Amino acid sequence: MTNMGLKWNLIWPILFAGYTIPALIGFWKGWHGVLETKPEDSQTPIKSRPISRQLITLMTIVFITGASQAMVWPLLMVFLQDILKAEVWSLALAYLPAAIMGAFLPSRAGIIADHFGRKGPMVVGLIIGAAASLIIPQLRSILGLASLWAFESAGYVAAIPAERAFVADIAGQDVRGTSYGLYTFAFFLGAFLGPLAGGWLYDRVGHASPFYLNSAVLLLGAVLVATLLRETRPNIKT
């Protein structure tokens, strides 16, 4: 146990250093290499409404689905270790294909939202997330886990650019920062509350219950997106 404790004492500083160094590099690059986009004319009166009905609807959907997804995030590794009896390093390797997809595909997946609309990718991403959450309690192999995470990542990279483009579409140019702030607030408020519910369900109802509930909520989110949000597909000139 002592050797294991010393081992983890070395691993955690390395992991956090591995996160901190790229973050500092990104800060330096952003500060020196990204041009300011603040409107030059600050005296222009604000005519559009930052809190439209569509934005409130989107915030509600983002809050519900964000809370649901955050409900299972802290439990995922513990649950998979209980089921698969696998070491953390093997679970990390299983996540590698999904991480690569998540790093490189969003910029290309955004083309889908530009040409085919915002709602479709959002609905598909939520349905894929619901399917993945439903399957997780049935997993019994690392290969199955890697395939599932890659499948889920494909839905994620299709949905997130479309969702953020939707925020930009329904916000006026003069209040875009406010709209993104409200969107981020809704997501992280859900991310704050979700794990509390997930931990209680995991201990009191059953280890698989948070994943099944997450699947149902994401399906509900897909229905809400399809029925309550108005498409904001831009006019594509050919």
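Ile100 is found in helix H3, which spans residues 88-104, and in this predicted model the residue is partly exposed, with a relative accessible area of 45%. Ile100 belongs to a nonpolar patch on the surface that also takes in Trp89, Leu93, Leu96 and Phe104, and together these five side chains contribute about 570 Å² of accessible area. The inclusion of Ile100 follows from its accessibility, because a patch residue must have over 30% relative accessible area and Ile100 has 45%.

The setting for this patch is a protein whose secondary structure comes to eight helices and zero strands, so that a reading along the sequence gives the pattern α-α-α-α-α-α-α-α. Of its 238 residues, 37% count as buried, while the accessible surface comes to about 15,100 Å², with 68% of that area belonging to carbon and sulfur atoms. Among the contacts between residues at least 6 apart in sequence, 87% join residues at least 24 apart.

Helix H4, residues 106-116, shows how burial is distributed around a single helix. Its residues Ala109, Gly110 and Ala113 are buried, and because they cover an arc of only 115 degrees around the axis, they fall on the same side of H4. The face turned away from that buried side carries the exposed residues Ser107, Arg108 and Phe116. What covers the buried residues of H4 includes helix H5 (119-135) and helix H6 (142-170). Just after H4, Gly117 takes a positive phi of about 105 degrees.

The region that follows H4 also brings the reader to the salt bridges, of which the count comes to two. In one of them the side chains of Asp114 and Arg118 meet at 3.1 Å, N to O; in the other, Arg118 meets Asp169 at 2.6 Å, N to O. Arg118 lies in the loop between H4 and H5 whereas Asp169 lies in helix H6, so this second pair ties together parts that are 51 residues apart in sequence. Salt bridges that share partners thereby join Asp114, Arg118 and Asp169 into one network. Within that network, Arg118 is buried, with a relative accessible area of 4%, whereas Asp114 is partly exposed at 34% and Asp169 is partly exposed at 33%.

Aromatic side chains offer another way through the model, and a search of the whole structure finds five aromatic pairs. In the pair formed by Phe27 and Trp31, the ring centres are 6.2 Å apart and the planes stand at 25 degrees, so the pair is stacked, since planes under 30 degrees apart count as stacked. Both residues lie in helix H1 (residues 2-33), four residues apart, which is about one turn of the helix. An α-helix has 3.6 residues a turn, so residues three or four places apart point the same way. Phe27 is exposed, with a relative accessible area of 56%, and Trp31 is likewise exposed, with a relative accessible area of 64%.

A pair with another ring geometry is formed by Tyr180 and Tyr183, which are edge-to-face, with 6.5 Å from centre to centre and 90 degrees between the planes. These two tyrosines lie in helix H7 (residues 176-204), three residues apart, again about one turn of the helix. Tyr180 is partly exposed, with a relative accessible area of 28%, but Tyr183 counts as buried at 8% relative accessibility, because the buried class takes residues under 20% relative accessible area. Elsewhere among the aromatic residues, ring pairs link Trp73, Phe187 and Phe188 into a cluster.

Returning to the helices described above, the reader can set these local features side by side. Helix H3 contains Ile100, a member of the nonpolar surface patch; helix H4 has Ala109, Gly110 and Ala113 buried, with H5 and H6 included in what covers them. Helix H6 also holds Asp169, the partner of Arg118 from the loop between H4 and H5. Helix H1 carries the pair of Phe27 and Trp31, and helix H7 carries that of Tyr180 and Tyr183.

Technical notes: Residues are numbered from 1 along each chain as its sequence is written. This is a predicted model: local features need pLDDT of at least 70, side-chain atom pairs count only at pLDDT 80 or more; totals for chains, interfaces and linings use all residues. Side-chain values use heavy atoms; hydrogens and water are left out. Patches are made of residues with over 30% relative accessible area and no salt bridge: like charges are joined within 9 Å, nonpolar side chains (Val, Leu, Ile, Met, Phe, Trp, Tyr) within 5 Å. Accessible areas come from the Shrake-Rupley method with a 1.4 Å probe; for residues, only the protein chains shown count as cover. A salt bridge is a side-chain nitrogen of Lys or Arg within 4 Å of a carboxyl oxygen of Asp or Glu. Buried means under 20% relative accessible area, exposed over 50%, partly exposed in between (1.4 Å probe, protein chains only). The arc is that of the directions from the helix axis to the C-beta atoms. Contact means heavy atoms within 4.5 Å. Rings of Phe, Tyr and Trp (its six-membered ring) pair if their centres lie within 6.5 Å; planes under 30 degrees apart count as stacked, over 60 as edge-to-face and the rest as tilted.
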